[in-house]
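This briefing covers a sheet, the nonpolar cores and the cavities of one model. The sequence and structure come before the details.

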Amino acid sequence: MSEHDLVIRGGTIVDGSGGTLFDGDVAVKDGQIVALGNVGGRGAEEIDARGRIVTPGFVDVHTHYDGQAIWSARLAPSSSHGVTTAVMGNCGVGFAPCRADDRDLLVRVMEGVEDIPGVVMTEGLRWDWETFPDYLDRLEAGRRDIDVAAYLPHSPLRVYVMGERGAKREAATEGDLARMRALSREAVEAGALGFATSRLNIHRTADGDQIPSYDADTAELKAICAGMSDAGSGILQIVLDAYRGWADEFDVMADVVKACGRPATYTLACGNDGPPTWREAIARMEAANAAGSSITAQVMPRPIGLIAGIELSVHPFVLCPSYRAIAHLPLAERIAAMRDPAVRRAILSDTPEPGHPLSGIARIWQWMFPLNDPPNYAPPADQSIAALAAARGCTPADYAYDAFLDSAGEAMFLAALGNYENGRLDAAYEMLTHPNCVPGLGDGGAHYGAVCDASYSTFLLTHWVRDATEQRIDLARAIHMLTSRTAQTVGLGDRGVLRIGAKADINVIDLDRLQLHRPEIVRDLPAGGRRLDQRASGYDATIVSGAVIRRHGEATGALPGRLVRGAR
């Protein structure tokens with residue numbers, strides 16, 4: 001009879017602590033690590049990890065699987081890239097608490113902010129909950145490949161308490177604030193990791209309106225975070241609007257953190273040009289933490305941006321009237337129509353109509369690059385659409401148009417709009433390696449037709465660890481950043497490290513062979529909705545609670561993922 005459920009043999013163990021690597025075995029029983037080093041007993045299942053690294057499962061602290069965790073058993077792309085715990089409810093958007101009359105509003109919010117088609121949510125959500133504890137119960141009843149944890153989101157909370165007044169962003173009354181505080185405490189006591197909100201101007205509903213939580217005053221944020229204080233747990237997740245200046249924005253967060261005594265985590269990025277204002281945010285964070293606060297910044301390890309394509313939400317012609325006249329056609333017929341010289345002239349001469357703020361991004365030609373296989377997320381300036389068009393002697397719009405025709409509509413472009421200061425990742429490296437920063441912003445479960453950044457863990461390991469020739473991140477440090485550092489940031493102390501007694505969330509990775517593949521369109525959402533997916537080679541096995549959920553890039557069918565209730 002086997003002594004262990006699983007033994008991983010002969011790998012190089014990178015235990016997540018940031019300490020020295022060592023060769024050895026990992027034994028698992030009943031979902032926990034029970035032995036490390038030279039394991040003598042046999043396992044019911046054994047994995048040969050010679051020549052591989054063995055790491056804790058990755059913890060992604062910024063996802064939006066709030067809907068996908070309801071309608072799907074697999075949280076891809078995250079689970080394809082070593083992630084074993086995903087934290088959702090970020091940016092203050094989600095689906096609970098919610099009364100029946102407000103469901104359409106929350107769908108419009110998610111459709112606008114997170115690019116999830118309304119029909120997908122209408123078809124996929126059962127709405128068999130009202131309160132946030134109800135929603136957590138619904139998550140707990142489901143089965144999925146990886147673990148999930150959730151924040152209490154601000155916009156649903158505001159609408160639940162204030163009704164139409166909340167949706168219209170009217171000021172909360174003292175009674176409203178008391179109710180929000182009580183519901184915040186209730187949510188944390190039921191298992192919320194904390195409370196999430198957004199102050200970002202471009203976070204808008206599908207109708208173009210500001211989301212309910214936008215610009216909520218400090219008194220409201222303090223009241224809700226006081227509910228976390230009442231519960232004795234919870235972290236504030238907030239998206240600040242750097243466009244309004246770090247000084248005022250950071251002070252809002254710092255004031256709330258000081259008042260409630262709870263930690264916070266926020267989004268940090270840099271522009272591609274102009275003054276490096278992100279340094280001010282770093283300095284303010286250092287000062288606040290030196291004064292006793294606990295504030296962590298989330299940093300994307302590669303450029304922040306969108307993927308543009310004819311079959312996706314955004315591309316250079318999406319708002320052109322002449323293109324919109326044929327946009328309903330199947331792809332092959334649409335491309336055939338675009339080959340017509342008259343249609344081409346009309347589309348290229350159109351002035352794009354007003355639309356969602358993100359749609360105009362697909363015409364910032366100097367920061368748009370072809371996205372091929374394998375994808376290059378750090379392309380040189382001479383590979384921008386602007387530069388390639390100049391070399392060919394045509395306009396950038398002509399170049400993009402031809403790329404779609406030449407590929408039968410399959411061409412994709414990376415619109416690198418942030419974290420690519422002066423066309424380099426130097427600033428991203430400096431932010432990422434700061435002691436008060438963690439990797440994040442993968443946004444898995446959202447932006448289905450425009451973003452596929454949930455693969456950032458694979459990029460970090462290939463670009464910054466294995467392939468870097470100048471700035472490098474040591475392997476032990478990189479794994480620490482992806483595992484125990486992110487887990488500790490949100491209070492999940494039972495995972496993120498390979499030690500006896502820890503939860504058996506583990507990756508076995510062939511680092512030499514690790515490679516990202518080009519994003520692809522799949523149609524596996526409710527109502528046949530499409531999303532971007534991205535695969536990787538080199539993950540030999542991903543294990544959740546001792547069960548192998550993926551082996552050599554393929555799902556095994558195991559669904560050990562559970563809801564994580566609160567800090568631990």
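**Sheet, cores and cavities**

An open sheet is formed by 6 strands in the order 9-10-11-12-13-17, with parallel pairing. Its edge strands, each pairing on one side only, are strand 9 (152–153) and strand 17 (437–439). The model is predicted: local features need pLDDT of at least 70 and side-chain atom pairs pLDDT 80 or more, while totals for chains, interfaces and linings use all residues. Residues are numbered from 1 along each chain as its sequence is written, and side-chain values use heavy atoms, without hydrogens and water.

**Strands and helix**
- Strands (DSSP E runs of at least two residues) and helices (H or I, at least four) are numbered from the N terminus; two strands pair if DSSP finds at least two bridges between them.
- Strand 11 (residues 235–239) runs parallel to strand 12 (residues 264–267), joined by 3 bridges.
- Ile 238 has Tyr 266 in strand 12 as its bridge partner.

**Cores**
- The largest nonpolar core (buried Ala, Val, Leu, Ile, Met, Phe, Trp, Tyr and Cys residues joined through side-chain atoms within 4.5 Å; buried means under 20% relative accessible area, 1.4 Å probe, protein chains only) has 123 residues, and Tyr 266 and Leu 268 are among those touching the most other members.
- Helix 9 (residues 246–260) gives the most to this core, with 8 residues.
- A second, separate core of 32 residues includes Leu 329 and Ala 362.

**Cavities**
- The whole structure holds 4 cavities of 30 Å³ or more, a cavity being a set of points on a 1 Å grid over the protein atoms alone where a 1.4 Å probe fits but cannot get out.
- The largest cavity has about 70 Å³ of space, taken as the space filled by probe spheres set on the points.

Technical notes. Buried < 20%, exposed > 50% of the residue type's maximum accessible area, 1.4 Å probe, protein only. 1 Å grid on protein atoms, 1.4 Å probe; cavity = no way out; pocket = protein on both sides within 12 Å on 5 of 7 lines; lining within 4 Å.
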